[in-house]
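Here are my notes on this one, point by point. Have the viewer open while you read.

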Amino acid sequence: MGKSIIDGAGEFRQGEEGVFSGGQCIFMALPAKVVYELMSNLFE
């Protein structure tokens, strides 16, 4: 896991992400396709 974080440092994520407790998803992040737009809006 750590290696993929270092390799992707400074780049927006391309895949979907979630937080799991055992086999249950307890949080699902927004779709990767909207990350760039949301970050752009944040910095405007």
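1. A word on terms before we start: helices (H or I, at least four residues) and strands (E, at least two) are DSSP runs, numbered from the N terminus. With that naming, alanine 32 falls in the loop between β2 and α2.

2. Keep in mind that this is a predicted model. The mean pLDDT of the protein is 89, and 89% of its residues reach 70 or more. Which elements sit at the two ends of the confidence scale? Among the elements, β2 has the highest mean pLDDT, at 97, while α1 has the lowest, at 67. I'd read α1 with that value in mind.

3. The overall layout is quick to describe. There are two helices and two strands, and going from the N terminus the order is α-β-β-α. α1 covers 2-7 and helix α2 covers residues 35-43. Between them in that order come strand β1, residues 18-21, and strand β2, residues 24-28.

4. Now the strands. β1 and β2 run antiparallel and are joined by four bridges. They form a hairpin with two residues between them, and glycine 22 in the turn has a positive phi of about 70°. If you want to check the register, glycine 18 stands opposite methionine 28 in β2, and valine 19 stands opposite phenylalanine 27 in β2.

5. How much of the chain is buried? Buried residues make up 7% of the 44 residues in the protein. Strand β2 is hardly covered: none of its five residues counts as buried. The accessible surface of the protein comes to about 4100 Å², and 61% of that belongs to carbon and sulfur atoms.

6. Part of that surface deserves a look on screen. Val19, Ile26 and Phe27 make a nonpolar surface patch of about 300 Å². Val19 and Phe27 are also the residues that face each other across the hairpin strands. Valine 19 has 40% relative accessibility, so it counts as partly exposed; the range for that class lies between 20% and 50%.

7. Back to alanine 32, in the loop between β2 and α2. Is it buried or exposed? Alanine 32 is buried, because its relative accessible area is 13% and the cut-off is under 20%. Its C-alpha is 5.6 Å from that of glutamine 14, although the two residues are 18 apart in sequence.

8. Last, the aromatics. A search of the whole structure gives one aromatic pair. The rings of phenylalanine 12 and tyrosine 36 have their centres 5.8 Å apart and their planes at 80°, so this is an edge-to-face pair. Phenylalanine 12 lies in the loop between α1 and β1, and tyrosine 36 in helix α2, so the contact ties together parts that are 24 residues apart in sequence. As for cover, phenylalanine 12 is partly exposed at 37% relative accessibility, whereas tyrosine 36, at 58%, counts as exposed.

Technical notes. Residues are numbered from 1 along each chain as its sequence is written. This is a predicted model: local features need pLDDT of at least 70, side-chain atom pairs count only at pLDDT 80 or more; totals for chains, interfaces and linings use all residues. Side-chain values use heavy atoms; hydrogens and water are left out. Buried means under 20% relative accessible area, exposed over 50%, partly exposed in between (1.4 Å probe, protein chains only). Accessible areas come from the Shrake-Rupley method with a 1.4 Å probe; for residues, only the protein chains shown count as cover. Patches are made of residues with over 30% relative accessible area and no salt bridge: like charges are joined within 9 Å, nonpolar side chains (Val, Leu, Ile, Met, Phe, Trp, Tyr) within 5 Å. A salt bridge is a side-chain nitrogen of Lys or Arg within 4 Å of a carboxyl oxygen of Asp or Glu. Two strands pair if DSSP finds at least two bridges between them. Rings of Phe, Tyr and Trp (its six-membered ring) pair if their centres lie within 6.5 Å; planes under 30 degrees apart count as stacked, over 60 as edge-to-face and the rest as tilted. pLDDT is the predictor's confidence in each residue, from 0 to 100.
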